[in-house]
Amino acid sequence: MKDKDLNQKDRRAFLLGMGAAGVSAAFAGPVLAASGSEPESKWDREHEIVIIGSGFAGLAAAIQAKKLGAKDVVIYEKMPVLGGNSAINGGLFAAPGTPLQKKEGVTDSADIMAGDQMKAGRGVADEALLKHIASRANEALQLTIDAGAEYFPYLQQLGGHSVPRTYQTTVTSGGGITQPLIKECRRLGVKIVNRAKFEKFVVDEKGAVVGAVINEGYYFGRGRKGKPVRVRSQRGVLIAAGGFASNVGLRSAQDPTLTAEVPSTNIPGATGEALLEMFRVGAVPVHMAFIQTGPWASPDEGGFGYVSNYSIFNFPHSISVDVKTGRRFMDEIADRKTRADAQLARRDDEGNPMPPVTITSYEHAKAHPSVKKVLKYGVGWKFDTLEELAEHHGIPFAELKKQVDQYNTYVKNGVDEQFGKSMEKAKGKFIEAPFVTVRNWPKVHYCHGGAQIDVQARVLDSSTWKPIPGLFAAGEVSGGTHGQSRLGSCSIPDCMVMGMTAAETMMSA
Amino acid sequence: MMMKKLGKLVFLSVTVAFVAGAGLADSTLEQFDKIKGRSYHASFYDGESCDVCHETNRATSLPADDACQSCHDLDSLVEATARPAGEEGQNPHDNLHYGRDVPCMECHGEHQARQHMCADCHSFEYPNFKE
Ligand SMILES: Cc1cc2nc3c(=O)[nH]c(=O)nc-3n(C[C@H](O)[C@H](O)[C@H](O)COP(=O)(O)OP(=O)(O)OC[C@H]3O[C@@H](n4cnc5c(N)ncnc54)[C@H](O)[C@@H]3O)c2cc1C
């Protein structure tokens with residue numbers, strides 16, 4: 001097909017899908033009016049596998065489906081850019097039993113990782129899913145490495161994890177994974193269409209999902225809805241559309257404390273309409289009110305910014321202090337909910353937010369490349385003395401000095417007498433000048449809730465409790481896996497493994 | 001239609017060099033009759049050349065994501081906005097989150113000013129950025 005024969009968005013779709021075999025079928029056929037009541041035989045397009053969303057879950061599914069012999073896989077993405085939250089993510093990937101753990105002599109297993117997650121999930125996480133994901137996390141990690149993702153040669157220990165098991169991409173972002181995965185998709189001939197918004201399912205008389213209505217030429221935030229196109233899928237539809245942290249109405253309906261006043265780390269497109277559509281065809285809603293805020297975010301920049309990764313790396317050998325008292329107020333590597341709740345309680349006398357200050361020795365902060373950016377872009381500060389630090393942030397110096405000295409005895413003795421923090425990663429790392437500080441305040445980050453799935457990524461039906469034929473979900477859009485509090489770096493393995501799993505289920509049907 | 005576009009390429013190659021090379025920090029949006037546009041696109045505002053960017057001269061649809069690239073060479077843009085060592089991933093035309101796949105109009109507007117996408121989360125300065 002020649003470039004000029006395509007209309008505007010098709011031309012783009014064609015470019016994105018370059019290298020794809022047999023694109024022509026995708027552009028043939030008249031456009032019909034979209035309506036769930038139309039006979040299902042009226043299709044504008046037909047594909048073997050239809051995936052909604054181009055994040056980790058969608059990309060992993062597409063690659064796995066291709067590996068299993070799928071000939072015709074399409075990913076529809078509503079945003080102008082590909083990758084969703086995955087592309088702006090921090091690039092932190094937890095997996096047990098990895099080569100790096102072997103090298104660093106860390107004892108770990110899928111059961112230990114799932115156990116840590118169960119604990120953070122506060123008794124309501126889905127053990128079967130967590131164990132399934134942990135048992136294949138290393139394989140998922142390898143898939144990203146095979147596609148070209150690059151990771152630092154050391155592990156990190158994130159809040160709530162009992163051992164160091166977290167890899168991080170050298171670009172400290174999920175973009176270091178989505179970019180190689182997108183390239184791999186293109187190489188394998190997966191069609192990827194941007195500005196294409198999933199609207200609704202086409203369901204046959206037996207209740208099976210047999211296709212979807214996609215609005216092609218949808219311009220997010222610009223009032224252009226696009227043209228509805230009916231797409232038939234031979235092996236079903238995989239919803240990999242991510243969370244809904246950017247939908248203030250939906251999230252505050254679940255948790256009224258999460259109003260428009262609480263910022264978010266998510267892409268603006270994380271609005272959850274695909275999830276609501278799954279509920280409309282019978283999916284079971286789980287844990288919709290469990291919405292996580294990130295305790296490493298900064299009020300001094302937008303979104304995830306630079307401070308988040310900086311803080312995640314540095315919390316193990318830092319102290320976080322209340323500006324009013326100069327005292328610590330939490331275990332700096334407790335799970336996210338514990339820390340976010342503790343931070344939200346830091347207030348001035350009028351009850352206004354008073355973001356706590358996290359203090360790190362420059363000597364140890366500089367081991368991570370993000371420190372340069374934090375200082376350069378004015379979202380963190382460097383001080384030669386504790387006096388200067390205290391003065392800049394308005395912290396009572398005497399109290400702060402006492403706190404630092406006290407904490408340094410914990411570093412020496414390996415026991416945090418204040419909050420019981422694991423001092424494993426703080427060994428020998430005293431809080432000494434020069435110092436780097438950042439301010440932390442939680443931002444809405446992750447939606448634990450979603451549609452219920454089984455370990456084969458099949459979406460369950462609320463009337464029969466059996467899988468809805470033809471409907472699959474993977475990634476953040478699925479619900480219940482992590483319970484009340486997801487551990488950091490555990491979404492990437494979740495999205496990747498469940499995306500792979502969904503593809504396997506679809507291909508084996 | 002393609003022919004007409006090609007006809008304009010000669011003129012445009014000059015523009016490309018200009019945009020890619022020199023920094024033009026002042027505003028480039030100015031009024032052409034009833035519509036605002038970039039000063040260096042002045043020759044398109046003769047009422048007949050909307051199709052340089054839009055599909056038809058009625059300009060009812062937004063330009064294709066790669067419309068700008070029929071005149072502006074992405075490789076030269078990538079080169080022109082390269083960032084210093086350690087900040088390679090901040091190149092707006094080839095960045096670590098989206099590579100080279102960001103449609104131009106997500107950061108630049110022809111008829112109205114826009115903010116670059118990076119600003120949603122980062123305070124990078126792009127002194128030569130044209131809205
Ligand atoms: C800033 C940030 C940093 C993070 N850091 C980490 C980390 O370091 N480690 C970790 O494990 N987790 C991290 N997380 C969480 C993790 O990134 C997300 O949970 C994960 O990326 C979700 O992947 P996904 O594939 O489910 O969805 P996404 O990556 O969000 O992809 C979903 C895609 O579907 C598209 N979509 C939505 N609705 C529709 C529709 N109707 N039609 C068509 N397309 C649609 C969206 O536009 C989006 O592109 C982070 C999250 C954020 C926001």
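Here is a short chat about the predicted model of chain A.

Visitor: How many helices and strands does chain A have?
Guide: Both kinds of element turn up in this predicted model. The count for chain A is 17 helices and 20 strands.

Visitor: What radius of gyration does chain A have, next to that of a compact globule?
Guide: Start with the box: the C-alpha atoms fill roughly 75 × 45 × 45 Å along the principal axes. For 509 residues, a compact globule would come out near 23 Å. Chain A agrees with that, at 24 Å.

Visitor: What percentage of the residues in chain A is buried?
Guide: Let's look at the surface before the inside. Chain A exposes about 18300 Å², and carbon and sulfur atoms supply 53% of that. Of the contacts with a separation of 6 or more, 74% join residues 24 or more positions apart. As for buried residues, their share of the 509 is 62%.

Visitor: Which strands stand at the edges of the six-stranded open sheet?
Guide: Walk across the sheet in chain A and you meet β6-β3-β2-β10-β20-β19, with mixed pairing. An edge strand here has a single partner, so one side of it is left without a neighbour in the sheet. That description fits β6 (191–193) and β19 (458–460).

Visitor: Which residue is the bridge partner of I49(A) in β3(A)?
Guide: Strands of a sheet can pair in a parallel or an antiparallel way, through backbone hydrogen bonds. In chain A, β2 (residues 49–52) and β3 (residues 73–76) go for the parallel sense, over four bridges. The β3(A) partner of I49(A) is V73(A).

Visitor: Which elements do the buried residues of α6(A) pack against?
Guide: Helix α6 of chain A covers residues 110–120, and its buried residues include A110(A), M113(A) and M118(A). Just after this helix, R122(A) takes a positive phi of about 55°. The packing partners of the buried set, in chain A, are β4 (92–94), α7 (127–147) and α17 (491–508).

Visitor: Is N314(A) buried or exposed?
Guide: N314(A) sits in helix α11 (residues 307–314) of chain A. The cut-off for a buried residue is under 20% relative accessible area. N314(A) has 1% relative accessibility, so the verdict is buried.

Visitor: Which residues is N314(A) in contact with, leaving aside neighbours within four places in sequence?
Guide: Contact here takes heavy atoms within 4.5 Å. With those sequence neighbours set aside, the contacts of N314(A) are T360(A), H364(A) and A365(A).

Terms used: Residues numbered from 1 in each chain as written. Chains lettered and ligands numbered in written order. Predicted model: local features only at pLDDT ≥ 70, side-chain atom pairs only at ≥ 80, totals over all residues. Heavy atoms only, no water. Pairing = 2+ DSSP bridges. Helix = DSSP H or I, 4+ residues; strand = E, 2+ residues; numbered from the N terminus. Rg over C-alpha atoms; globule rule 2.2 N^0.38 Å. Buried < 20%, exposed > 50% of the residue type's maximum accessible area, 1.4 Å probe, protein only. Areas by Shrake-Rupley, 256 points an atom, 1.4 Å probe, with all protein chains shown as cover.
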